Number of protein chains: 2
Amino acid sequence: MASLRKTNIRAELEAHVETPDLEEFIGYNLKRAYVIVQSDFRRALGEDGFAPRVFSALSLVVQYPNVTQSGLARMLGIERSGLVAIVDELEGRGLLKRTDVPGDRRVQALVPTTKGKTTYAEARAAVRAHEDRLLSNLSDEEKATLMALLGKIRSHED
Amino acid sequence: MASLRKTNIRAELEAHVETPDLEEFIGYNLKRAYVIVQSDFRRALGEDGFAPRVFSALSLVVQYPNVTQSGLARMLGIERSGLVAIVDELEGRGLLKRTDVPGDRRVQALVPTTKGKTTYAEARAAVRAHEDRLLSNLSDEEKATLMALLGKIRSHED
DNA sequence: CTCATATCGTTAATATAGTAAACAATATCC
DNA sequence: GGATATTGTTTACTATATTAACGATATGAG
């Protein structure tokens, strides 16, 4: 049994619980796993890379050109007020532009620039590489199973 | 195919991507699933209930009485500076006390009070009920599989 | 024994992620 | 035409976390 800390005899003596309750909660395991994947994502994409949520937004804009901010917020499951800063960043980096939509002057459609599309393709490759490396101890079948089970949880969305 | 919004013909016309890239990333699915479980946890435990991290800390203090704050932070995978507020809250609610440890005057061991132990038992039951209800569309076997797969990701901890 | 080094709990400063509420402009419904 | 709803935005706030520093204390090397 590994010690928590080499010199801490007191803690050592108390550490007699077979399996802590915490480890049996899905929520706790989900969070711990998420923290690992998220921090590896950031490490892999580097200083001037994308934060996960910015990458996600860019991904959807590239795949759904002319999506509106409200629509994008809905897809991402966040408030539209929270999306403003994300779109600001992407527009500031020249990866998309806000464009007027004829027929509804409240709306501004989000359109990826050429640079946005190529940058996204590169970032996507980097994210795939990060996941392939980090999750190399899972087989393809295990990954598929994990996705399916997470999908069952996600069925509660909306 | 469900529409994103009943009147948004423009978005409708563009929404032709079979499977968005995002949905194929484990990290994204992990995050979306985590958000659902977390927010249901909070809803289930109510206004004056515990935040997930406070519940986790209490759980470990009850199961590892006399754990130190540094030790607890290590178990939770957070900085010890971040643990201070959590322990303050639990102590303020009378669920644990900081106690001097003879032999090392730097350390204060965390000991659950009687109220802390009973409150934890109730909270644990509430959390189990929340997970049972939220995850009722997963079989026991599926839950076990999910735990095992999350455990493989968690093997990268430390 | 003493001195360098490490650890403990804590505070303060900062960063990030997210919500809620309000707003003006515009669109839709009856 | 007038009530109602939606869009993008700003502002204020909350929660969660990290880093760096601190004084107090403990440990290890010589």
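**Exercise 1. How much area is buried between chain A and chain B, and what percentage of that area do carbon and sulfur atoms give?**

Solution.

Step 1. The structure is a predicted model. In this model, chain A and chain B bury about 6500 Å² between them.

Step 2. Carbon and sulfur atoms give 64% of that buried area.

Step 3. On the side of chain A, the residues that lose the most area to chain B are Phe25(A), Ile26(A) and Arg154(A), which together make up 10% of what that side buries.

Step 4. In terms of residues, the contact draws 63 from chain A and 62 from chain B.

**Exercise 2. Describe the polar and charged interactions between the two protein chains, and assign the side of chain A that touches chain B to its helices.**

Solution.

Step 1. The count of salt bridges between chain A and chain B is 8. One of the pairs joins Glu142(A) to Lys152(B), with the closest N and O atoms 3.2 Å apart. This distance satisfies the salt-bridge limit of 4 Å.

Step 2. Polar contacts link 30 residue pairs between chain A and chain B, where both residues have pLDDT 80 or more.

Step 3. At least two residues each are supplied to this side of chain A by helix H1 (9–14), helix H2 (26–45), helix H3 (52–63), H4, helix H6 (114–134) and helix H7 (140–154). H2(A) provides the largest share, with 11 residues.

Step 4. Sorted by class, the side of chain A that touches chain B comprises 30 nonpolar, 15 polar and 18 charged residues.

**Exercise 3. Determine the symmetry that relates chain A to chain B.**

Solution.

Step 1. A turn of 180° with a shift of 0.0 Å along the axis lays chain A on chain B, and the RMSD is 0.1 Å.

Step 2. The relation is therefore that of a two-fold axis.

Step 3. The two copies use the same surface, since 98% of the contact residues of chain A recur in chain B.

Step 4. Within chain A, the residue closest to the rotation axis is Leu146(A), whose C-alpha lies at 3.2 Å.

**Exercise 4. Characterise the protein surface near DNA strand D.**

Solution.

Step 1. There are 21 residues around DNA strand D, and those that come nearest are Lys31(A), Gln69(A), Ser70(A), Arg80(A) and Arg105(B). Of the strand D atoms within 4 Å of the protein, 65% belong to sugar and phosphate.

Step 2. The backbone of the strand is approached by Ser70(A), which places a polar side-chain atom 2.6 Å from a phosphate oxygen.

Step 3. The bases are approached by two arginines. A polar side-chain atom of Arg80(A) lies 3.0 Å from a base nitrogen of DNA strand D, and one of Arg106(A) lies 3.0 Å from a base oxygen of that strand.

Step 4. Two or more residues of this surface come from each of helix H4 (69–76) and helix H5 (80–92) of chain A and helix H5 (80–92) of chain B.

Step 5. By class, the surface holds 2 nonpolar, 8 polar and 11 charged residues.

**Exercise 5. Carry out the corresponding analysis for DNA strand C.**

Solution.

Step 1. DNA strand C is surrounded by 22 residues, of which Arg42(A), Arg105(A), Lys31(B), Gln69(B) and Ser70(B) are the closest. Sugar and phosphate make up 69% of the strand C atoms within 4 Å of the protein.

Step 2. Phosphate oxygens of DNA strand C are met from both chains. A polar backbone atom of Glu79(A) is 3.2 Å from a phosphate oxygen, and a side-chain N or O atom of Ser70(B) is 2.5 Å from a phosphate oxygen.

Step 3. At the bases, a polar side-chain atom of Arg80(B) lies 3.0 Å from a base nitrogen of DNA strand C.

Step 4. The elements that give two or more residues here are H5 of chain A together with helix H4 (69–76) and H5 of chain B.

Step 5. The surface near DNA strand C divides into 3 nonpolar, 8 polar and 11 charged residues.

Conventions:
Residues numbered from 1 in each chain as written. Chains lettered and ligands numbered in written order. Predicted model: local features only at pLDDT ≥ 70, side-chain atom pairs only at ≥ 80, totals over all residues. Heavy atoms only, no water. Near = heavy atom within 4 Å. Polar contact = N/O pair within 3.5 Å; in protein donor to acceptor, adjacent residues only side chain to side chain. Helix = DSSP H or I, 4+ residues; strand = E, 2+ residues; numbered from the N terminus. Nonpolar A, V, L, I, M, F, W, Y, C, P; charged D, E, K, R; others polar. Least-squares fit on C-alpha atoms with pLDDT ≥ 70 in both. Contact = heavy atoms within 4.5 Å. Buried area = accessible area lost by both parts, 1.4 Å probe. Salt bridge = Lys/Arg side-chain N within 4 Å of Asp/Glu carboxyl O.
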